[in-house]
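Open the model in your viewer and keep the sequence panel in sight. This tour goes stop by stop, telling you what to select and what is there.

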Amino acid sequence: MAKPKSGTQQHCRVCQGPLFPDPLLYYAEMPASAQGFLSQAELGTEQGQGIRVVQCVACGLVQLDGEPVPYYREVIRAAAYSPEMRQFRLDQFLAWAKQYQLLGKPVLEIGCGKGEYLELLREVGLNASGIEYSQAHVDACLAQGLPATCRYLGEHNTATQPSGLFEGFVCLSFMEHWPAPKTALADLWASLAEGAVGLIEVPNFDMIVHEGQFAEFIADHLLYFTEQTLRSTLEQNGFDVLQVSVVWHGYILSAEVRKRQPLTLDLLHQRRTELTKQLKDYLTRYRRVAIWGAGHQALALISLTCIAKDICYVIDSAPFKQGKFTPASHLPIVSPQHLFTDRPDAVLVMAASYSDEVCSQLKSMNIGCAIAVLREQQVVEVPT
């Protein structure tokens, strides 16, 4: 069947990038939902719907072009987990909790359903609570003594923000249902303590493609993640991906993540302080000092170390800079020939990768002044 070229989704659900103009697949007369089971009376009127599979040009994510199913906010687990799944989850949760020192710490399950996994998280020693959109499901959790709140990520106006910040979270086979993952992940990020770690699992689209599992597309699943697009989605939305594993007989991608924190640039502040002291100590030894080099690093260093008042001028070989003044510090820029008519007591070379060449040129000019070079953020005196 021909692939229709128009759909409701104009941009990627994750990165907002453009979609390829033609769909990857179009399946006609598909089930309208995985939970849309029919009564006898509905058989005469119900019809299937088309599923259009598209891909983002920018990030590569495969996704459905269409509206989410009506119950997309709810986690529906059709049956209790099997004994094998129960043991797998117990082992997985305990290993994860021990690895990241989470035992006894507050952990959030996003989309806790009726508490099937929330119970296991608490069983292994996590102080786990859940959020779930369905009030009936929340009531089922509370009836079992499992703490849960009625909430859907990204919709603060219709849900309750949990109290406190969580040091860990799990989100199991739920993110693929989200029509607006960027908004949901931002909400999740804001609910987490600094350095919080998480476990996010989605169906393994790498396996679907590799094994040709053409029947794995359903209206409920809007997003189809490979390991690469899972990583990029999480990294674009505030999480560092620590590792991604393939689990549960190859069907699931399991990502361990950490809430991203800003870099610590204390070393830069330390180096600035140290170099400022070195430069000022050097400049106090001479009455007049010139700098050779009007490149971007030299211009920044003059400003950042506050040495402009102790510099008589800046030398540069580029004619288009000569006769001008340095930005911010307002020092005159002159040609190398200026040294013969206005000799300083010392020249401090700040020419980055050209510094050795400049030092050789200065020696050959035989000006008779001291020479030093800024090398690896150290002031190094050059024998003349």
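**Stop 1: a buried cysteine**

Select Cys369. This residue is buried, with a relative accessible area of 8%. Now look for a sulfur partner. The closest cysteine sulfur belongs to Cys312, and at 9.8 Å it is too far for a bond. Keep in mind throughout that this is a predicted model.

**Stop 2: a second cysteine pair**

Move to Cys12. Its relative accessibility is 0%, so Cys12 counts as buried. Add Cys59 to the selection. The two sulfurs are 3.7 Å apart, and Cys59 holds the closest cysteine sulfur to Cys12. That is still too far for a bond, because a disulfide needs the sulfur atoms within 2.5 Å. How many disulfides does a search of the whole structure find? The search finds zero.

**Stop 3: the whole chain**

Zoom out and colour by secondary structure. The chain has ten helices and 17 strands. Its radius of gyration is 32 Å, while the globule rule gives 21 Å for 384 residues, so the chain is more spread out than a compact globule. Turn the C-alpha trace along its principal axes: the spans are about 105 × 55 × 40 Å.

Switch on the surface. About 19500 Å² is accessible, and carbon and sulfur atoms account for 54% of that. Of the 384 residues, 46% are buried. Next, show contacts with a sequence separation of 6 or more. In 64% of them, the residues are 24 or more positions apart.

Colour the charged side chains. There are 31 positive and 40 negative ones. The centres of these two sets lie 13 Å apart.

**Stop 4: helix H2**

Select residues 116-123, which form helix H2. Which of its residues are buried? They are Glu116, Tyr117, Leu118, Leu120 and Leu121. Now show what covers them. The cover includes helix H1 (83-99) and three strands: S4 (106-110), S5 (127-132) and S7 (166-172). Step just past the end of H2 to Gly125. Its phi is positive, at about 110 degrees.

**Stop 5: Cys112, just along the chain**

Go back to the loop between S4 and H2, where Cys112 is found. Is Cys112 buried or exposed? It is buried, with a relative accessible area of 0%. Hide its neighbours within four places in sequence and show the remaining contacts. Cys112 touches Arg77, Leu118, Gly130, Ile131, Glu132, Cys141 and Ala148. One of these, Leu118, is also among the buried residues of H2.

Now draw a line from Cys112 to Ser355, C-alpha to C-alpha. The distance is 63 Å in space. In sequence, the two residues are 243 apart.

**Stop 6: two loop residues with positive phi**

Select Gln101 in the loop between H1 and S4. Its phi is near 50 degrees, a positive value in a residue other than glycine. Gln101 is exposed, with a relative accessible area of 54%.

Finish at Ala328. Where does Ala328 lie? It sits in the loop between strand S13 (311-315) and strand S14 (333-334). Ala328 is not a glycine, yet its phi is positive, at about 75 degrees. With 64% relative accessibility, Ala328 counts as exposed.

Definitions and conventions: Residues numbered from 1 in each chain as written. Predicted model: local features only at pLDDT ≥ 70, side-chain atom pairs only at ≥ 80, totals over all residues. Heavy atoms only, no water. Helix = DSSP H or I, 4+ residues; strand = E, 2+ residues; numbered from the N terminus. Rg over C-alpha atoms; globule rule 2.2 N^0.38 Å. Buried < 20%, exposed > 50% of the residue type's maximum accessible area, 1.4 Å probe, protein only. Contact = heavy atoms within 4.5 Å. Areas by Shrake-Rupley, 256 points an atom, 1.4 Å probe, with all protein chains shown as cover. Lys, Arg positive; Asp, Glu negative; His and termini not counted. Charge placed at Lys NZ, Arg CZ, Asp CG, Glu CD.
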